[in-house]
Amino acid sequence: MGIGKGEVKRAVGTAACCCMVLLASACGGGPKDSPDARSTAVKTLVVALVPDEDAATVIQDNQGLKSYLETTLDVPVELVVSTDYSTLIEAATRNKSHLTYFGPLSYVIARSRAPFLEPFAVRLKDGASTYKAVLIGNREQGIHTFDDIKGQTVALGDPASTGSRLFPQLRLADAGLQPNVDYQPVFLGAHDAVAKAVERGTAAAGGLSRTIYDKLVEQGTINPDKLVVLGASSPIPQYPWTMDSGLNEDLRHAIKQSFYDLEDPALLQPLRADGFVPVQDSDYDGVRRAADVLGLSLQDLVTGS
């Protein structure tokens, strides 16, 4: 399901201004003291999507999901994509979005600040609820092994990204490479920006989700002949959907069932999923351990430091 150029421009405006949209008036006032206090009628269900690619693309590609949820839940739906992960986290933890599609690390950060965020579904891809990140190098710059990265610039995504920051840096640490000692990290925001930077040679190497890398190659967005896949990370738990646990119980049940019943490939493809199954918070303990291994403070990641 596509949208016209005018609608795309409006969607881009929505994405660029989503900090104001989410934090000012999308769901009411500031954070409430208890789930019961937040259990109010939902006039519009605000659904926030992780900004792991270009915001306008994410909005456009998920119009089918919007229509599906509106039909299934019988409530208007507003899709929003934040300018960065910090804004996504801020909106969810301040009760400014009802449903949020997080990356694993951004979920862990948000949950540490807002226990009322309830993970309820995780995406399946090729029958698995885990994925991997890859480290890629620029072939023309002679980046063929991890040792070749020493003294070079490494492109990463958002500071709060799992697949383009946390697990790539964990893989580099396993190879004996430390940031600001053996290589210089630069944060570019999105996975696709990492791949393009390495392809152009503005960064010698970079880390991103294997799923997104394969998509970019398939679409012809990047030329794999200019790149070398240096290695992969350990398995990462897939992206979770969360909801505000203060939502009406009937609505919460309907939301869960709508995701578990979702089978349309046209709606699942933009989410890089084959389907969704139940999930629980403890499934992300490995992400918490990875942050501990790298000595990363969750609060520092929120502020982007």
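A residue is taken as buried when its relative accessible area is under 20%, and in this predicted model that criterion picks out Gln63, Gly64, Leu65, Tyr68, Leu69 and Leu73 as the buried residues of helix α5, which spans residues 63-73. These buried residues pack against helices and strands from separate parts of the sequence, namely β1 (45-49), α4 (55-61), β2 (77-81), β12 (240-244), α11 (249-260) and α12 (265-268). Just after α5, Asp74 adopts a positive phi of about 55 degrees.

A helix pair is formed by α8 (residues 162-174) and α13 (residues 285-293), whose axes come within 10 Å and cross at roughly 60 degrees; α8 is therefore oblique to α13. The crossing of these two helices is left-handed, and the contact is made by Leu166, Phe167 and Leu170 on the α8 side and by Val287, Ala290, Ala291 and Val293 on the α13 side. By residue class, the contact of α8 with α13 comprises 7 nonpolar residues, with no polar and no charged ones.

Phe167, which takes part in that helix contact, is also touched by Ser233, a residue of the loop between β10 (227-232) and β11 (236-237). Ser233 has a relative accessibility of 6% and so counts as buried, the limit for that class being under 20%. When residues up to four places away in sequence are set aside, Ser233 touches Lys132, Ala133, Phe167 and Arg171. Ser233 and Leu135, although 98 residues apart in sequence, are separated by 8.1 Å in space, C-alpha to C-alpha.

Methods. Residues numbered from 1 in each chain as written. Predicted model: local features only at pLDDT ≥ 70, side-chain atom pairs only at ≥ 80, totals over all residues. Heavy atoms only, no water. Axes fitted to C-alpha atoms, helices over the stretch in contact; angles between N-to-C directions. Helix = DSSP H or I, 4+ residues; strand = E, 2+ residues; numbered from the N terminus. Parallel < 35°, antiparallel > 145°, perpendicular 65-115°, else oblique. Left-handed = near helix turned anticlockwise from the far one by under 90°. Contact = heavy atoms within 4.5 Å. Nonpolar A, V, L, I, M, F, W, Y, C, P; charged D, E, K, R; others polar. Buried < 20%, exposed > 50% of the residue type's maximum accessible area, 1.4 Å probe, protein only.
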